Amino acid sequence: MMNKRVLLGILVLGSCWGLLEAVMGSVFKAAQLPYGVLMTTLFALPILVISKMMFSHRGAQTGVGMVAGSLAFFNPWIGCSVCSAIAIAAEAIIFEIIWLRIKENDFGSLTLIQKASLGVITAYGVYVSGYMITQILTPALYGSFLFTNFIVVVPQILAQGLPASLLGFLTVPLVMSTYKLNITIQDKLYYPTGATITVLCWLFIVGNWLIFIT
Amino acid sequence: MPFSTKNLLPIIATVVLLIGISSTLYVNATKQPVDTQNPRVIINGEAYDIANLFTLFSEKTVTTDDGEFTGIPLDELIVYANVDTPENHHYTIKADDYQQTVNWEAMQNGIFYQERLRVIFPNLAHSFWMYDVVEIEVT
C-alpha cells in the first residue's frame, strides 16, 4: 500500500519528467538533435532510477510515467502530444518490468560493470520498446495500424536503440552512484516543497497549453 | 537480485549491443541512394519528377500544431496519377525505412511539402508525417 509520501514523490517526479519533456524536448527538436534518444537517456532513465531508489513499491515507476505522460499530453510545443504521452507511459512500464528484480540493496552491491550493463540493457529496452509501442498504438488510435508497416520500421528502431544504450552505459551507473549520498528530506519540508513543485510544473504546461489553444 | 542474474548482466548487455550494431549495419547496407539532382517519387506505380510536380499544382497552406506548411495537395496528386475512385483506396506512403497507410480523407487534408520531401497531415499524429518520401502506393 502506497502512503502519502510515496504518492507525492510519484507526482513530483512525474511532473518534473513531463516538464522536462516539454521544455527540453522542444529545445532538442528545434536543434535537430535526436530528441527521442536524448529524452530517454538524459531525463527519463535518471528520473526512473531515482524513483526506484526512493520508492521500491510495485507500480511506482509506472505511476511516475502515467503522471509524466498525462502532463506531456498538454505539451503545447512538441507537436505530437499523443505519440509523446504514449511513449512516456510505455517507457515507464518497460522500465518497471526490467527492474522488477532489482532490490534496494542492489544499488550498493552491484559492481560498476554490472551497473553499466544494467544501463545498456535498460536504455536499449526502454527506448526500443517505447518506440515500438508508439508505432503500434498511434496508428491503431487512428484505425490504420498495419503489421506490414510496423515490420518495415523495426530494423530502424533496433538501430536507433544503439546510441541510447551507449548513453545508458554512462547515465544509469552515474545516477545509481548517488545512492551512497543517502539524502533524506524531513516531512515538514518534503510535503510543501513537493506540492509546490508539482503545482508549478502543471501550471506552467497547462497554462501555456491554454494560451496556445485560445 | 540473485547472484547468478547479476553475473548475467554483462552478457545480456553484450547481446543487446550486438543487436544494435548489427541493426545499424543492416539499415546502412540496405539504404537506397537518393538522387539529389533529380528527385523522383513513385505514385501508383509511375515515377514523377518532383520539381515538375510542384509546377503543376497550386499550393495549399495547412495549419498544424507545429505551425503552417505550404505544399501541393496530396488528393490532387492522386487524381493526377489516374487513380480511379480514390475514396475507395488506401494510400501507403513509403520512405526508405518507414511507411504508413492512410485513407482518402487524410489525403484530402494532407500536403506534399518540398523541403525534405515531406508529407504533412494536419489531422493525424506526427508518426504519419514522413520525411524523404519515395513512393505513394495505392491499394
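**Helix crossings and a chain interface, talked through**

Mentor: Helix α2 (residues 35-54) of chain A packs against helix α3 (residues 60-72) of chain A at an angle of about 140°, and their axes lie 9 Å apart. Keep in mind that this is a predicted model.

Trainee: Why are α2(A) and α3(A) called oblique to each other?

Mentor: Set the angle of about 140° against the cut-offs: roughly antiparallel needs an angle over 145, and roughly perpendicular covers 65 to 115. The pair meets neither condition, so α2(A) and α3(A) are oblique to each other. As for handedness, α2(A) passes α3(A) in a right-handed crossing.

Trainee: Which residues make the contact of α2(A) with α3(A)?

Mentor: From α2(A) come Ile47(A), Leu48(A), Ser51(A) and Lys52(A), while α3(A) brings Ala60(A), Gln61(A) and Val64(A). By class, that contact holds 4 nonpolar, 2 polar and 1 charged. Lys counts as charged by definition, and Lys52(A) is one of the contact residues on α2(A).

Trainee: What makes α4(A) oblique to α6(A)?

Mentor: The axes of helix α4 (residues 81-98) of chain A and helix α6 (residues 112-141) of chain A cross at roughly 140° and come within 8 Å. Roughly antiparallel would take an angle over 145, and therefore α4(A) is oblique to α6(A). Here too the word is right-handed, for the crossing in which α4(A) passes α6(A).

Trainee: Which residues of α4(A) and α6(A) make the contact?

Mentor: On α4(A) they include Val82(A), Ile86(A), Ala90(A), Glu91(A) and Phe95(A). On α6(A), Ile121(A), Gly125(A), Val126(A), Gly130(A) and Leu137(A) are among them. The contact of α4(A) with α6(A) divides into 13 nonpolar, 6 polar and 1 charged.

Trainee: And α2(A) with α6(A): why is that pair oblique?

Mentor: Their angle is about 125°, with the axes 10 Å apart. The roughly perpendicular range is 65 to 115, and roughly antiparallel begins over 145. An angle of about 125° fits neither, which makes α2(A) oblique to α6(A). The crossing of α2(A) and α6(A) is right-handed.

Trainee: How many charged residues has the contact of α2(A) with α6(A)?

Mentor: It has no charged residues, along with 7 nonpolar and 5 polar. Gly36(A), Thr40(A) and Ala44(A) are among those on α2(A), facing residues of α6(A) that include Thr122(A), Tyr127(A) and Tyr131(A).

Trainee: Let's move to the two chains. How many residues of chain B are in contact with chain A?

Mentor: 29 residues of chain B are in contact with 33 residues of chain A. The largest share on the chain B side, 15 residues, comes from α1(B). Both α1 (3-30) and β6 (99-102) of chain B supply at least two residues each to that side. By class, the chain B side has 15 nonpolar, 10 polar and 4 charged.

Trainee: Where do the domains of chain B lie?

Mentor: The domain assignment gives domain 1 (1-31) and domain 2 (40-138). Their centres, taken over C-alpha atoms, are separated by 37 Å.

Trainee: How do you know how confident the predictor is in chain A?

Mentor: Look at pLDDT: the mean for chain A is 89, and 96% of its residues reach 70 or more. Among the elements of chain A, helix α5 (residues 106-109) has the lowest mean, 82, and helix α7 (residues 147-177) the highest, 94. For chain B the mean is 89, with 97% of its residues at 70 or more. The complex receives an ipTM of 0.85 and a pTM of 0.86 from the predictor.

Notes. Residues numbered from 1 in each chain as written. Chains lettered and ligands numbered in written order. Predicted model: local features only at pLDDT ≥ 70, side-chain atom pairs only at ≥ 80, totals over all residues. Axes fitted to C-alpha atoms, helices over the stretch in contact; angles between N-to-C directions. Helix = DSSP H or I, 4+ residues; strand = E, 2+ residues; numbered from the N terminus. Parallel < 35°, antiparallel > 145°, perpendicular 65-115°, else oblique. Left-handed = near helix turned anticlockwise from the far one by under 90°. Contact = placed C-beta atoms within 7 Å. Domains from an automatic or database assignment. pLDDT = per-residue confidence, 0-100.
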